[in-house]
Amino acid sequence: DFSSSIANFILTVGDPVVVLTGTLGTQTLNAGVPYLIKSQAIVPTGVTVTVQPGAIIKGDKATKGLLIIQPGGKLIANGTSSQPIVFTSNQGVGERDRGDWGGIVWLGNAYVNQSARPAIEGVTPSQNYGTTGTDFTAGATEDNGSMKFVRIEYAGIELTPNNETNSLTMGALGGATVLENVQVSYGGDDGFEWFGGKVNGKRLISLSTWDDDFDTDFGWSGNVQWGIIVRNPFFADQSGSNAFESDN
């Protein structure tokens, strides 16, 4: 109905772009509709956002657009090989560059090897995630959604000094979450970064990212099968850019 729909996005009169910002409600993002993430668009606990094959969602450069899926929320973004889902910059063709927008931060309640429930890096106000303690199986069956045949382009940005988002940041995603056929391209920080959790990945591509390609932290215990890394020898972060970086 109209009342629930209007709470899910902002549509400016005379502007054909559907703006995603603030706390979102359960909804489907359709192919052929121009979507724009402004500031922080948050999928809260109990809410599912579904993205149709072929949909294009752009991140706003001026407001550092960022999509956040909180623990207990779900993102279902299942494209196909002929109709991939694309998350990209709202800058014009030829003007896009790494770090144009914040990317995707996807959080769950699986195990993290920290003494206190951490806050994901690069996000203010803080977004906490994960399960601490001695139950290493926590989150083994948690389903935070699915991402298949998706491209994430020109994302990852330094929001404050030494505090960045990545193209795809995953915090404690559960073992039933699906991550397959995903490519991150021209990211402003890491390509894929896992902070704890148990999610597996298949057929992941990191292309010309600025910092690390596959970065793991806080006791991530999943697997990646068929990963491809293509580095640009002329782009690297001052901290040192690695194909693989694993901490803690």
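In the predicted model, Thr48 of strand β5 has Lys74 of strand β8 as its bridge partner. The two strands, β5 (residues 48-51) and β8 (residues 74-78), are paired in the parallel sense through four bridges. Strand β5 also runs parallel to strand β3 (residues 27-29), to which three bridges join it. Here Gln27 is placed opposite Val49 of β5. The side chains of β5 alternate along the strand. Val49 and Val51 are buried and point to one face, whereas Thr48 and Thr50 point to the other face and are not buried.

The largest nonpolar core comprises 38 residues, of which Ile57, Met147, Ile152 and Leu179 touch the most other members. Strand β4 (residues 35-43) makes the greatest contribution to this core, with four residues. A separate core of 13 residues includes Ile68, Val105, Leu107 and Ala110. When neighbours within four places in sequence are set aside, the contacts of Leu179 include Trp106, Met147, Leu168, Met170 and Trp194. Val199, Asn200, Gly201, Lys202 and Leu204 are also in contact with Leu179.

Eight aromatic pairs are present in the structure. The pair of Tyr111 and Phe136 is edge-to-face, with a centre-to-centre distance of 5.1 Å and 85° between the planes. Both residues lie in the loop between β10 (103-107) and β11 (145-153), 25 residues apart. Tyr111 has a relative accessibility of 11% and therefore counts as buried.

A further pair consists of Phe214 and Phe244; the ring centres are 5.7 Å apart and the planes are at 75°, so this pair is edge-to-face as well. Phe214 belongs to strand β18 (residues 214-217) and Phe244 to strand β20 (residues 244-246), with these positions 30 residues apart in the chain. Phe214 counts as buried because its relative accessibility is 6%, while Phe244, at 59%, counts as exposed. Phe214 and Phe244 belong to one aromatic cluster together with Phe192, Trp194 and Trp220. Trp194 is also one of the residues in contact with Leu179.

The mean pLDDT of the protein is 91, and 92% of the residues reach 70 or more. Over residues 1-7 the pLDDT is below 50, and this stretch has one contact in the model beyond near neighbours in sequence. Residues 9-14 likewise stay under 50, with 10 contacts beyond four places in sequence. Predicted coordinates should not be read in detail where pLDDT is low.

Notes: Residues are numbered from 1 along each chain as its sequence is written. This is a predicted model: local features need pLDDT of at least 70, side-chain atom pairs count only at pLDDT 80 or more; totals for chains, interfaces and linings use all residues. Side-chain values use heavy atoms; hydrogens and water are left out. Buried means under 20% relative accessible area, exposed over 50%, partly exposed in between (1.4 Å probe, protein chains only). Two strands pair if DSSP finds at least two bridges between them. A nonpolar core is a set of buried Ala, Val, Leu, Ile, Met, Phe, Trp, Tyr and Cys residues joined through side-chain atoms within 4.5 Å. Contact means heavy atoms within 4.5 Å. pLDDT is the predictor's confidence in each residue, from 0 to 100. Rings of Phe, Tyr and Trp (its six-membered ring) pair if their centres lie within 6.5 Å; planes under 30 degrees apart count as stacked, over 60 as edge-to-face and the rest as tilted.
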